[in-house]
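Welcome! Below you will find a few exercises, each followed by a worked solution. Take a look at the model, then work through them at your own pace.

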Amino acid sequence: NGAVTFSLVISGEMGILQGVSNVFGQLLGSTVGAIILEQVISCENDMTTNLGSNIVSPKYGITHALLGEALGTFLLCMVVFETAISPASRAGANACLAIGFSVFLAHLLLLPIDGCSIN
């Protein structure tokens, strides 16, 4: 996740070179994934009409989407820091479960608003 990578670099938990490498890998992976998706699912058969791209629902405004995404991203970064990075954490192998639940919670709340972009 770009936001987690950025927060790890800003906090000093990850070096700048490693952060740039991670972001490059994330962008490359998402580009390859988008190309594969475009090749596998034709636009005529896409029931979302946007190949899964995130669009703000007409029921909600851009402010709701922006605030929700900011809070969801903050939740994800905070859980990563508190469970996987903090030396005081006792989560151990359960850190990935906590991180997964934070992603699930953000998606549960944000999917109807804008499709959830946090991860």
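Two residues are in contact here when they have heavy atoms within 4.5 Å. Please keep in mind that this is a predicted model.

**Exercise 1. Get your bearings: how many helices and strands does the protein chain have, and what pattern do they follow along the sequence?**

Step 1. Start with the secondary structure: the chain has 4 helices and 0 strands.

Step 2. Walk along the sequence, and the pattern reads α-α-α-α.

Step 3. Now look at the overall extent: a box of roughly 50 × 30 × 25 Å, taken along the principal axes, holds the C-alpha atoms.

Step 4. Finally, check burial and contacts. The chain has 119 residues, and 23% of them count as buried. Among contacts with a separation of 6 or more, 55% are between residues 24 or more positions apart.

**Exercise 2. Find I55: where is it, is it buried or exposed, and which residues does it touch?**

Step 1. Locate I55 in the loop between α2 and α3.

Step 2. Apply the cut-off for exposed residues, which is over 50% relative accessible area. I55 has 53%, so it is exposed.

Step 3. List its partners, leaving out residues up to four places away in sequence: I55 touches N50, I113 and D114.

Step 4. Take one of these partners, D114. I55 and D114 are 59 residues apart in sequence, yet their C-alpha atoms are 5.2 Å apart in space.

**Exercise 3. Describe helix α3: how many residues does it have, and which of them are buried?**

Step 1. Helix α3 covers residues 62–85, which gives 24 residues.

Step 2. From first C-alpha to last, α3 reaches 33 Å, close to the 34 Å expected at 1.5 Å a residue.

Step 3. Its buried residues are A65, G68, E69, G72, L76, C77, V79, V80 and T83.

Step 4. Ask what lies over them: the cover includes α1 (2–11) and α4 (95–114).

**Exercise 4. Work out how α1 packs: at what angles does it meet α2 and α3?**

Step 1. A reminder first: two packed helices are described by the angle between their axes and the distance between the axes.

Step 2. For α1 and helix α2 (residues 16–40), the axes come within 9 Å and cross at roughly 175°. Angles over 145 degrees count as roughly antiparallel, and α1 and α2 are therefore roughly antiparallel to each other. Their contact is made by G2, T5 and V9 of α1 with I16, G19, N22, V23 and Q26 of α2.

Step 3. For α1 and α3, the angle is about 55° and the axes are 10 Å apart. That makes α1 oblique to α3. The crossing is right-handed.

Step 4. Name the residues that meet: A3, V4, S7, L8 and S11 come from α1, while T73, L76, C77, V80, F81 and I85 come from α3.

Step 5. Zoom in on S7, which is in helix α1. With a relative accessible area of 17%, S7 is buried. Beyond its sequence neighbours up to four places away, S7 touches C77 and F81. A polar atom of the S7 side chain also lies 2.9 Å from the backbone oxygen of V4.

**Exercise 5. Turn to α3 and α4: how are they oriented to each other, and what does T83 touch?**

Step 1. The axes of α3 and α4 come within 9 Å and cross at roughly 175°. These two helices are therefore roughly antiparallel to each other.

Step 2. Residues making this contact include A65, G68, G72, V79 and T83 of α3, and A95, A98, I99, S102 and A106 of α4.

Step 3. Focus on T83 in helix α3. Its relative accessible area is 16%, so T83 is buried.

Step 4. Not counting residues up to four places away in sequence, T83 touches S89, A91, A95, A98 and I99. The T83 side chain also reaches the backbone oxygen of V79 at 2.6 Å.

Step 5. Compare sequence and space for one pair: T83 and N94 are 11 residues apart in sequence and 8.2 Å apart in space, C-alpha to C-alpha.

**Exercise 6. Find C116: where is it, and is it buried or exposed?**

Step 1. C116 is in the segment after α4.

Step 2. The cut-off for buried is under 20% relative accessible area. C116 has 6%, so it is buried.

Step 3. Check the backbone too: phi of C116 is near 60°, a positive value in a residue other than glycine.

Note on methods:
Residues numbered from 1 in each chain as written. Predicted model: local features only at pLDDT ≥ 70, side-chain atom pairs only at ≥ 80, totals over all residues. Heavy atoms only, no water. Expected span 1.5 Å × (residues − 1). Buried < 20%, exposed > 50% of the residue type's maximum accessible area, 1.4 Å probe, protein only. Polar contact = N/O pair within 3.5 Å; in protein donor to acceptor, adjacent residues only side chain to side chain. Axes fitted to C-alpha atoms, helices over the stretch in contact; angles between N-to-C directions. Parallel < 35°, antiparallel > 145°, perpendicular 65-115°, else oblique. Left-handed = near helix turned anticlockwise from the far one by under 90°.
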